[in-house]
Amino acid sequence: MEAIVLAAGYSSRANTFKMTLPMGKMSILEHTLSKYEGLCSRVIVVAGFQAELIQEEMAKISSKNAYSFQIKLVYNENFNQGMFTSIQKGCSEVNTPTFFITPGDCPHVKKETVQLIAEHKGNVVIPSFNYKGGHPIKLSSEVKQKILETNSESNLRAVLGGYEKKYMNVDDPGVLMDVDTLEDFQKAIDYYKG
């Protein structure tokens, strides 16, 4: 399998560039990437806004040589047109029959949850906690093709609307936790320490 990690956004609600914020000994982005160890052969990180900071972060992560997967950094020159263009950019790089998509600011998903999602069959597999869908989602190559054929002004929700979604209830509040604001970051730190 492969994974697409979306790290191209403006981080506008956080008032800081959140992907490189530290949580313990790793950045938010590295925590997110680490969940795919042993599951994915390659993780595709899609950068856009402040791509040079993502590039620096990827260099730090790669220098640790801690992961068995290859990390490929791709630049979405159309990041200012919205997240769907980053999803399309990532999908254009995927070579496996199934793959994950996740925002780069989802550091608290348990690795065991990612493993369960990987094993679950379906074109669209979505983890849920307390009956709310979260991340990462697993998609098939059929869905990938539809994403690539869809107008870039659309969105992932519209594409996935044409497929049966398999929701997987998991005991993992991390599937719902992202870091959109500095308040979210503080909650993430508290959760990490707890």
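Gln50 sits in the loop between strand S4 and helix H2 (51-64), and this is a good place to start a walk through the predicted model. The backbone of Gln50 has phi near 50 degrees, a positive value in a residue other than glycine. With a relative accessibility of 29%, Gln50 counts as partly exposed.

Another residue with this backbone feature is Tyr131, which is not a glycine either and has a positive phi of about 65 degrees. Tyr131 belongs to the loop between strand S7 (124-129) and S8. Its relative accessible area is 75%, so Tyr131 is exposed.

A further backbone detail is found at Pro136, in the loop between strand S8 (132-133) and S9. The peptide bond leading from His135 to Pro136 is cis, with omega near 0 degrees.

**The chain as a whole**

The secondary structure comprises seven helices and ten strands. Along the principal axes, the C-alpha atoms fill a box of roughly 40 × 35 × 35 Å. Does the radius of gyration point to what kind of globule, and why? For 194 residues, a compact globule would have a radius of gyration near 16 Å, and the value of 15 Å for this chain agrees with that. Of the 194 residues, 51% count as buried. Among contacts with a separation of 6 or more, 76% are between residues 24 or more positions apart.

The surface that the chain exposes comes to about 9400 Å², and carbon and sulfur atoms supply 48% of it. As for charge, there are 21 positive and 22 negative side chains. The centres of these two sets lie 3 Å apart.

**Strand S6 and its partners**

Strand S6 covers residues 98-103, and five of its six residues are buried, so the strand is largely enclosed by the rest of the structure. S6 pairs with two strands described here. With strand S1 (residues 2-7), the pairing is parallel and runs over five bridges. Within this pairing, Glu2 has Phe99 of S6 as its bridge partner. With strand S9 (residues 137-140), S6 pairs in the antiparallel sense over four bridges. Here Phe100 stands opposite Lys138 of S9.

As background for reading these strands, side chains in a regular strand alternate between the two faces of the sheet.

**Helix H3 and the loop that follows**

Helix H3 spans residues 83-91, and seven of its nine residues are buried, so H3 is also largely enclosed by the rest of the structure. The buried residues are Phe84, Thr85, Ser86, Ile87, Gln88, Gly90 and Cys91. Their cover includes the strands S1, S4 and S6, together with helix H5 (141-149) and helix H6 (156-160).

Between H3 and S6 there is a loop, and Pro97 is found in it. Pro97 has a relative accessibility of 61% and therefore counts as exposed. Leaving out residues up to four places away in sequence, Pro97 touches Leu139, Ser140 and Ser141.

**Val43 and Tyr36**

Val43 is part of strand S4 (residues 42-47). Is Val43 buried or exposed? Its relative accessibility is 0%, so Val43 counts as buried. Beyond its neighbours within four places in sequence, Val43 is in contact with Ala3, Val5, Leu33, Tyr36, Phe69, Gln70, Ile71 and Lys72.

Tyr36, one of those contacts, is found in the loop between helix H1 (28-34) and S4. Although Tyr36 is a loop residue, it counts as buried at 2% relative accessibility. Which residues does Tyr36 touch, not counting those up to four places away in sequence? They are Ala3, Val43, Phe69, Phe100, Thr102, Val114 and Pro136. This brings back Phe100, the residue opposite Lys138 in S9, and Pro136, which follows the cis peptide bond from His135.

**Distances along the chain and in space**

The table sets sequence separation beside the C-alpha to C-alpha distance for three pairs of residues met above or linked to them.

| Pair | Separation in sequence | C-alpha distance |
|---|---|---|
| Tyr36 and Ala3 | 33 residues | 7.6 Å |
| Pro97 and Met1 | 96 residues | 7.3 Å |
| Val43 and Val143 | 100 residues | 18 Å |

Tyr36 and Ala3 also touch, and Ala3 is in contact with Val43 as well. When you look at the structure, Tyr36 is a handy starting point, with Val43, Phe100 and Pro136 among the residues it touches.

Conventions
Residues are numbered from 1 along each chain as its sequence is written. This is a predicted model: local features need pLDDT of at least 70, side-chain atom pairs count only at pLDDT 80 or more; totals for chains, interfaces and linings use all residues. Side-chain values use heavy atoms; hydrogens and water are left out. Buried means under 20% relative accessible area, exposed over 50%, partly exposed in between (1.4 Å probe, protein chains only). Two strands pair if DSSP finds at least two bridges between them. The radius of gyration is taken over C-alpha atoms; the globule rule is 2.2 Å times the number of residues to the power 0.38. Contact means heavy atoms within 4.5 Å. Accessible areas come from the Shrake-Rupley method with a 1.4 Å probe; for residues, only the protein chains shown count as cover. Lys and Arg count as positive and Asp and Glu as negative; His and the chain ends are not counted. The place of a charge is taken as NZ of Lys, CZ of Arg, CG of Asp or CD of Glu.
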